[in-house]
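Colleague: I'd like to learn how to read a fold from its coordinates. Could you walk me through this one?

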Amino acid sequence: MKNRTGRSLAARVRAWRPGRKTAIRVALALTLLVLAPVVAAGSVLRASYAGSPAADAVTRGRDAIWLGHAWLDGRRGPADIAALKRNLAGTGMRDLYIHAGPLEHDGTLPASAYPDARRMIGILHRELPGIRIQAWLGDKLVRPGEGSGGLRLDSAQARAAVVESARQVMRAGFEGVHLDVEPVRTGDRDFLALLDALHPAVRSAGGVLSVAAQQIDPVPAMHAAARFVGSPKWWTQRYFAQVARRTDQIAVMSYDTALPIESLYGGYVARQTELALQVTPAGTDLLMGLPFYHTDDIGHHGHAETAAAAVRGARLGLTREDRDRKRFGLALYVDFAATDDDWRAYRNGWGARG
């Protein structure tokens, strides 16, 4: 069969084949372009999990745990307090972040959100001497054009309201404010402006300001991939340092990594620990987040993101980067999802006594 120009179908197919091969080559090149950094990143993370942590890379007595809202609304009783006391005995636990929010989208906080606070704070101080209790405050952040379903930090009025909410919980008996607003995009100047106002307000009330921080870009390939899909997941090291300088304590949310293998996750935590240690001021407590929950979804694989891997990763990072640093600890997320195995991994891996 011939077309109107007299060329046979076979000839036309032969003429088309080189173009098809070129398309295949281009597709293959693009695939390799995407996969090569991922494979390289995997190699880096596996290497980060290799070796042995130093024997003295253990608790410094500056750990923290996130506690759910049930501790402030009357649902927790004597049995829960006794269980918490047993789990914390002999550990380096210093701070309890008790959920006292969430903040309203305008930055305010109704007193009805934490009705049992003063009584519970008194009980916990009696049962857990030396423990510091911080009010965990947070909300979803939205940017201009994203609607009204969250807190707008570009609003000076909203930022002022958050500062007043912090003063409010300090008057209720808390000894600090733990701020967890998400997602904060790297370079966000409005978030820094909030911290510039919030830190002195909390300090003047006799408390400490703690911040839940997003992860640091571990390798350039991951950051590039995040930009491609529009994810605000990672901060640059420079921005992390800017946040850390404005706080008394910074807790890295080093979980929800989507990594499918325990060794990769442990290496990731080791890498995060090293990067954070490099830029956290000597006077700021640095805490690495420990997963005490077991959901399975695209962002978190419970069989990979284990408490044991996170503890070992944090110890490896501490060993390599700043073995003698004292202002360092682990932050456990979250009490109501923790299992006995999680507590065992924390206690045994991080050097609990007894």
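Colleague: Let's start small: is alanine 258 buried, partly exposed or exposed?

Modeller: Before that, a word on the source: this is a predicted model, where local features need pLDDT of at least 70, side-chain atom pairs count only at pLDDT 80 or more, and totals for chains, interfaces and linings use all residues. Residues are numbered from 1 along each chain as its sequence is written, and side-chain values use heavy atoms, with hydrogens and water left out. Now the labels: buried means under 20% relative accessible area, exposed over 50%, and partly exposed in between (1.4 Å probe, protein chains only). Alanine 258 has a relative accessible area of 36%, so it is partly exposed.

Colleague: And what is the phi of alanine 258?

Modeller: About 70 degrees, a positive value although the residue is not a glycine. Alanine 258 sits in the loop between strand 8 and helix 8; here helices (H or I, at least four residues) and strands (E, at least two) are DSSP runs, numbered from the N terminus. Aspartate 256 is found in that loop too, with phi near 55 degrees and 35% relative accessibility, so it counts as partly exposed.

Colleague: Which peptide bond next to proline 102 is cis?

Modeller: The one joining glycine 101 to proline 102, with omega about 5 degrees. Proline 102 lies in the loop between strand 2 (93-99) and helix 3 (117-127). There is also a cis bond from glutamate 182 to proline 183, where omega is near -5 degrees; proline 183 belongs to the loop between strand 4 and helix 5.

Colleague: On to the strands. In what order do they close into a barrel?

Modeller: Pairing first: two strands pair if DSSP finds at least two bridges between them. Here eight strands close up in the order 1-2-3-4-5-8-9-10, with parallel pairing. The twist from one strand to the next averages 25 degrees, where axes are lines fitted to C-alpha atoms, for helices over the stretch in contact, and angles run from 0 to 180 degrees between N-to-C directions.

Colleague: How many bridges does strand 5 make with strand 4?

Modeller: Four, in the parallel sense, and leucine 179 has valine 211 of strand 5 as its bridge partner. On to strand 8 (residues 249-252): strand 5 pairs with it over four bridges, again parallel, and alanine 213 is matched with valine 252 there.

Colleague: Why call strand 5 largely enclosed?

Modeller: Six of the six residues of strand 5 (residues 208-213) are buried, so the rest of the structure largely encloses it. Both faces are covered: Val208, Ser210 and Ala212 lie on one side, Leu209, Val211 and Ala213 on the other.

Colleague: How should I describe a pair of aromatic rings?

Modeller: By the distance of the centres and the angle of the planes. Rings of Phe, Tyr and Trp (its six-membered ring) pair if their centres lie within 6.5 Å; planes under 30 degrees apart are stacked, over 60 edge-to-face, and the rest tilted. The structure holds 12 such pairs. In one, tyrosine 293 and tyrosine 333 meet edge-to-face, 5.6 Å centre to centre with 90 degrees between the planes. Tyrosine 293 is in the loop between strand 9 and helix 9, tyrosine 333 in strand 10, 40 residues apart.

Colleague: Are those two buried or partly exposed?

Modeller: Tyrosine 293 has a relative accessible area of 8%, so it is buried, whereas tyrosine 333, at 24%, is partly exposed.
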